[in-house]
Amino acid sequence: MKNRGLLEKLIVAYAVFVIVILGLAVFLVYVSSRLGNVTADIYYLDQHKREITENLINELISLEETSKQYLLLQKESYKSLIGQREENITRAWEYLCLEGVCANDEEMRAVRKGIQIWGGYLERFHYQLGSVTDAAQLDDVFRENSKDMDTLIKLARSVNSASLKALDRKIVFLKGLGEQIRVFTWWAVSIAATIGLIIPLLIYKSITDDLVTIRTGIKHIAQGDFSYKIPLYSNDELGLVAESFNSMSRRLKELDNMKSEFISIVSHELKTPLTSMREAANLLVEEVSGELNEKQKRLIVIMEQGIERLIQMTSELLEMSKLESGMVNLQKEFHGINGVVAGFLAEIQHYAENNGVSVKAGYLPEECRVYMDKNKILRVLTNLTHNAIKYSEKGTDVELRLDMSNGHIIVEIEDHGKGIPEEDIPLIFEKFYQSKATRGHSGIGLGLAISKSIVEAHGGKIYAKSSVGKGSIFSFTLPVHPRIRSGGMPG
């Protein structure tokens, strides 16, 4: 299944942002609506009802005092005040009786009871205004009126108290709502900031992971591993790049196979006629067909040298083709590594002396037997040591050292020549590659590639270190059975 592309990842990121913003907007609209409703209730209902009930209480108290003064003094000025206060009290009771003003049934019952008592009080009081004149009757009237007035004031105060409590509750609710808004806002900001940081990082990591995968594939292709396939399956631009590289790798693999096959065929076809040419040159040198003069002999020697070079090249090409195709079967046996190196040095000394170079060896303190194809390992030693001697200055040393570490024999060949540029070191074990520092010498760049294939076929590794102007160290490892000892066999 293919992964999401860059566009899809960006769409997902923006969708998350939009969802967070819409959620915050919906919440704020809801909260602002609640806030508006509660504020309206406080301003238009609770506060107004509180003022009405407070005025109602004051008017009832004032009415009681004014009515007593009127009944005692019978002044018309008091009568007009009584009428005004009666009207104010009646409007207050009517307002409290309106739908939605009372918060509950208990409060509504108190208001209705107050209206009922107020109606009875007005009817009785207006009757008293024209009929009560005796001082003895006034005491009874005052007592009766005071009793009703006290009840009315008590009811008005209960409604006023209820309005104050409702006002307090809504103020507390507003405070809690404000705290909720603050907490939610912090959460929303934190979530938005987290998403804003994490999603770009995830997208960045996704892109860099894909780039690392592509870079790994390119590295394999650059090293000649054309069978490697970049494992990137996405619909984005990087996926298309990976697909293009995989197509290119397949085509390069086909071309490399064709080249290897062509080289193998040509090398095989060339080997027989070149061998025949070498034998013919030998017969001419031996003057089998007749006596030769010095000039003819010199020309035949030159021809022999050229034929030998061609035969060596074709042999290397054939060997490389066989190693790549897996047609070479290693003839492995147990051999003491010290003995193998000592025998090799005895053979290489003449070549080193002719080049003015001395070869020194450092052996293991105790013989160790290694399961290997002796002839193939000698080929590796020959390739590496010949190169070390060939590129060393006269009068210098080439050191061949043996060591053991982590169950592996380590073979090092160090020279003190001109060295290899650092940028060439990762490529010198590739087929046909020749460093700029070594071009112009004989060879076609297969010796190190053949050595690498032989060492890896034994389960080892080969590598190089070099400093320009100081020399190079070529090393390879060979695995050792953990129970092998000197003169022993694996247990």
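## A walk through the two cores

The protein chain exposes about 29,200 Å² of accessible surface, and carbon and sulfur atoms own 58% of that (Shrake-Rupley method, 1.4 Å probe; for residues, only the protein chains shown count as cover). Keep in mind that this is a predicted model: local features need pLDDT of at least 70, side-chain atom pairs count only at pLDDT 80 or more, and totals for chains, interfaces and linings use all residues. Residues are numbered from 1 along each chain as its sequence is written, and side-chain values use heavy atoms, with hydrogens and water left out.

In secondary structure, the chain has nine helices and seven strands (DSSP runs numbered from the N terminus: H or I of at least four residues for helices, E of at least two for strands). Of its 491 residues, 35% are buried, meaning under 20% relative accessible area with a 1.4 Å probe, protein chains only.

Now for the inside. The largest nonpolar core (buried Ala, Val, Leu, Ile, Met, Phe, Trp, Tyr and Cys residues joined through side-chain atoms within 4.5 Å) has 41 residues, with Ile 337, Leu 381, Ile 413 and Phe 476 making the most contacts inside it. Elements giving two or more residues to this core include α7 (337–354), α8 (374–390) and β7 (471–479). Another core, of 34 residues, lies apart from it, with Tyr 95 and Leu 122 among them.

Back to Ile 337: leaving aside residues up to four places away in sequence, its contacts (heavy atoms within 4.5 Å) include Leu 364, Val 370 and Ile 409.

Finally, look at Glu 64 in helix α1 (residues 6–73). Glu 64 is buried, at 12% relative accessible area, and it touches Ser 146 and Met 149, not counting residues up to four places away in sequence.

Notes. Buried means under 20% relative accessible area, exposed over 50%, partly exposed in between (1.4 Å probe, protein chains only).
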